[in-house]
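Below is a colleague's note on this structure, set out as numbered points. It takes up the pockets, then a surface patch, then a few single residues.

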Amino acid sequence: MDPLEQERPSIHVTILQGADPALYRWVQIGAEEEGVPCRLVDSEGDDLAARAYEAAQSSRFGVGVSVSHDAAVLHERHMPLQQPVMALPLTGR
């Protein structure tokens with residue numbers, strides 16, 4: 001069976017090394033406010049867009065988020081790798 005068929009639909013989120021792991025909770029809170037669950041997934045590298053794209057590829061929703069200490073990127077499975085849906089700086093920290 002395809003692994004995507006076994007998993008509960010969720011946004012896949014990856015946190016870059018060196019970023020505060022608590023940032024995942026902020027993504028989770030925002031998504032769950034909209035009724036969408038999140039799942040923390042492993043990914044390697046330091047390219048936010050590439051990691052968000054990879055996360056989107058493994059998500060049944062086709063949506064992935066990557067977070068570093070100073071930015072967050074949202075990607076959708078069908079978008080080109082270097083064209084994320086949204087990239088936001090993290091401020092006020």
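1. The lining of the largest pocket is made up, by class, of 13 nonpolar residues and one charged residue, with no polar residues. Please keep in mind that this is a predicted model. The volume of the largest pocket comes to about 310 Å³.

2. Which residues lie nearest the centre of the largest pocket? They are V27, V65, V67, A72 and L88, out of 14 residues in the lining. Four elements, α2 (22-33), β3 (63-67), β4 (71-76) and β5, each supply at least two residues of that lining. The element that gives the most is α2, with four residues.

3. The second largest pocket holds about 190 Å³ of space. It is lined by 13 residues, and I15, L16, Q17, S43 and R51 are the closest to its centre. By class, the lining of the second largest pocket has six nonpolar, four polar and three charged residues. A reader looking at the two pockets should set this beside the lining of the largest pocket, which has no polar and one charged residues.

4. On the surface, V85, M86 and L88 make a nonpolar patch of about 250 Å². L88 also appears among the residues nearest the centre of the largest pocket. M86 sits in strand β5, which covers residues 86-89. Is M86 buried, partly exposed or exposed? M86 is partly exposed, because its relative accessible area is 38%, and partly exposed means between the limits of 20% and 50%. A residue also needs over 30% relative accessible area to be part of a patch.

5. S66 belongs to strand β3, one of the elements that supply at least two residues of the lining of the largest pocket. S66 has 0% relative accessibility and therefore counts as buried. Along the chain, S66 and T14 are 52 residues apart, yet their C-alpha atoms are separated by 4.8 Å.

6. Q28 is part of helix α2, the element that gives four residues to the lining of the largest pocket. With a relative accessibility of 15%, Q28 counts as buried, because the cut-off for buried is under 20%. The C-alpha atoms of Q28 and D47 are separated by 21 Å, and the two residues are 19 apart along the chain.

7. Two loop residues are worth setting side by side. E7 lies between α1 (3-6) and β1 (11-15), and Q82 lies between β4 and β5. Which label does each one get, buried or exposed? E7 counts as buried, because its relative accessibility is 14%, whereas Q82 is exposed, because its relative accessible area is 57%.

8. For the same two loop residues, the chain separations and the spacings in space can be checked on the model. E7 and S58 are 51 residues apart along the chain, with 9.9 Å between their C-alpha atoms. Q82 and T14 are 68 residues apart along the chain, and a distance of 17 Å separates their C-alpha atoms. T14 is also the partner given above for S66, at 4.8 Å between C-alpha atoms.

Key:
Residues numbered from 1 in each chain as written. Predicted model: local features only at pLDDT ≥ 70, side-chain atom pairs only at ≥ 80, totals over all residues. Heavy atoms only, no water. Patch = residues over 30% accessible without salt bridge, like charges linked within 9 Å, V, L, I, M, F, W, Y side chains within 5 Å. Areas by Shrake-Rupley, 256 points an atom, 1.4 Å probe, with all protein chains shown as cover. Salt bridge = Lys/Arg side-chain N within 4 Å of Asp/Glu carboxyl O. Buried < 20%, exposed > 50% of the residue type's maximum accessible area, 1.4 Å probe, protein only. 1 Å grid on protein atoms, 1.4 Å probe; cavity = no way out; pocket = protein on both sides within 12 Å on 5 of 7 lines; lining within 4 Å. Points joined across faces, edges and corners; volume = space filled by probe spheres on them. Nonpolar A, V, L, I, M, F, W, Y, C, P; charged D, E, K, R; others polar.
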